[in-house]
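Please find below my notes on this model, set out as numbered points. They take up the charged pairs and then the surroundings of the ligand.

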Amino acid sequence: MTCPRPGIPDRHPEALPRPGRPLVMGIVNVTPDSFSDGRRWFDPARAVAHGLALLEEGADLVDVGGESTRPGAVRPPAEEELRRVLPVVRELAAAGAAVSVDTMRAEVAARALDLGARLVNDVSGGLADPGMLPLMARSAVPYVIMHWRGHAAGMQAKAGYGDVVTDVVGELRLRIEAALEAGVPPGCLIVDPGLGFAKSPEHNWALLGRLRAISALGHPVLVGAARKSFLGRLLAHPATGEERPVGMRDAATAAVSVLASAQGAWCVRVHDVASTLDAVRVTARWGTESAVPAQQPVLL
Ligand code: PMM
């Protein structure tokens, strides 16, 4: 399957990287309130410097977002999201980076694409903004559809499932169908189980353990486990029960990256690029049958 962005053939430098191993997407949160790095990169100049540092570490893509999706977060107005994200996308794209924009808003996605973003990462899978799927149909760029049940403010109350894997696969299938109906080319679609989004730690572990059920949807899979609280809980202090602090979850994140890669993930989205890049390189060299993803989307 290909994702035909007009005028950009497969091997064009603007196409996404294709390193023969799972891609590593570095996170640049231009937010005052993200759980893992809120406020650290809120200033645009610092966000750009951080994005460049991630590229230096070897990130294949940098994912720029201006809205925190931590449970309970309040949405910024669209103007504010644009103000946060656009200067950072512009500078990183101008520096030659493969930039992904993490947004649920069609207007933000459209403006970021105009400035050179190459991928749209929509955690709502097209549910938050009715303009998103038509935009993706017109733009024909790689588009991440994540499993989502509602905005951060009330999402944890929606974490009720029969069998979480069956339910998530079924709901992702509906979003794929909606995207195809809107005219998004099938080769542009990437799917993501949405770890932590209306999910308990048990739900996240079940989804990771059966990741192949997500790849069976027939699209490349992106996994975003980095530093999330289910890892903090797993690694809680044995005596006090206190969650492992956010900044001390990168080894566990790299372990998830290894196992997700071995199950055929196309891309892992992480804060600490260096550790995960080493980990996926080892996995690819190990030669597990799927450490080189079977499904390569898109322009690649
Ligand atoms: N998680 C967060 C934000 N964006 N995008 C995708 N595709 N998948 C995710 O799991 C995901 C995401 C929240 O994590 P952060 O605050 O560390 O960015």
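1. Glu243 has a relative accessible area of 32% and therefore counts as partly exposed, the range for that class lying between the 20% limit for buried and the 50% limit for exposed. Its partner in a salt bridge is Arg233, with 3.3 Å from N to O, and Arg233 is likewise partly exposed, at 49%. Glu243 sits in the loop between helix H8 (229–234) and helix H9 (250–262), whereas Arg233 belongs to helix H8, and the two are ten residues apart. Please keep in mind that this is a predicted model.

2. A second pair is formed by Arg210 and Asp163, whose closest N and O atoms are 3.2 Å apart in a salt bridge. This contact links distant parts of the chain, since Arg210 is found in the loop between helix H6 (201–209) and helix H7 (211–215), while Asp163 is found in the loop between strand S5 (143–146) and helix H5 (164–182), 47 residues apart. Arg210 is partly exposed, with a relative accessible area of 39%, and Asp163 is also classed as partly exposed, at 31%.

3. What is the burial state of Arg269 and Asp63? Both residues are buried, and their side chains meet in a salt bridge with an N to O distance of 2.8 Å. Because Arg269 lies in strand S8 (residues 267–270) and Asp63 in strand S2 (residues 61–65), the pair ties together parts that are 206 residues apart in sequence. The two residues also belong, together with Asp102, to a network of salt bridges; the structure as a whole holds 13 salt bridges.

4. Asp102 appears again at the ligand, where it is listed among the closest of the 17 surrounding residues, along with Asn121, Asp192, Lys228 and His271. By residue class, the shell divides into seven nonpolar, six polar and four charged residues.

5. Which ligand atoms lie opposite the polar side-chain atoms of Asp192 and Lys228? For Asp192 the partner is a nitrogen atom of the ligand, at 2.7 Å, and for Lys228 the partner is an oxygen atom of the ligand, at 2.7 Å. An N or O atom in the side chain of Asn29 is 3.1 Å from an oxygen atom of the ligand. Of the 410 Å² of accessible area that the ligand has on its own, the protein covers 97%. Strand S1 (23–29) and strand S5 are the elements that contribute two or more residues to the shell around the ligand.

Notes: Residues are numbered from 1 along each chain as its sequence is written. This is a predicted model: local features need pLDDT of at least 70, side-chain atom pairs count only at pLDDT 80 or more; totals for chains, interfaces and linings use all residues. Side-chain values use heavy atoms; hydrogens and water are left out. A salt bridge is a side-chain nitrogen of Lys or Arg within 4 Å of a carboxyl oxygen of Asp or Glu. Helices (H or I, at least four residues) and strands (E, at least two) are DSSP runs, numbered from the N terminus. Buried means under 20% relative accessible area, exposed over 50%, partly exposed in between (1.4 Å probe, protein chains only). A residue is near a molecule or strand if one of its heavy atoms lies within 4 Å of it. A polar contact is a pair of N or O atoms within 3.5 Å; within protein, one must be able to donate a hydrogen and the other to accept it, and residues adjacent in sequence count only if both atoms are side-chain atoms. Accessible areas come from the Shrake-Rupley method with a 1.4 Å probe; for residues, only the protein chains shown count as cover. Ala, Val, Leu, Ile, Met, Phe, Trp, Tyr, Cys and Pro count as nonpolar, Asp, Glu, Lys and Arg as charged, and the others, Gly among them, as polar.
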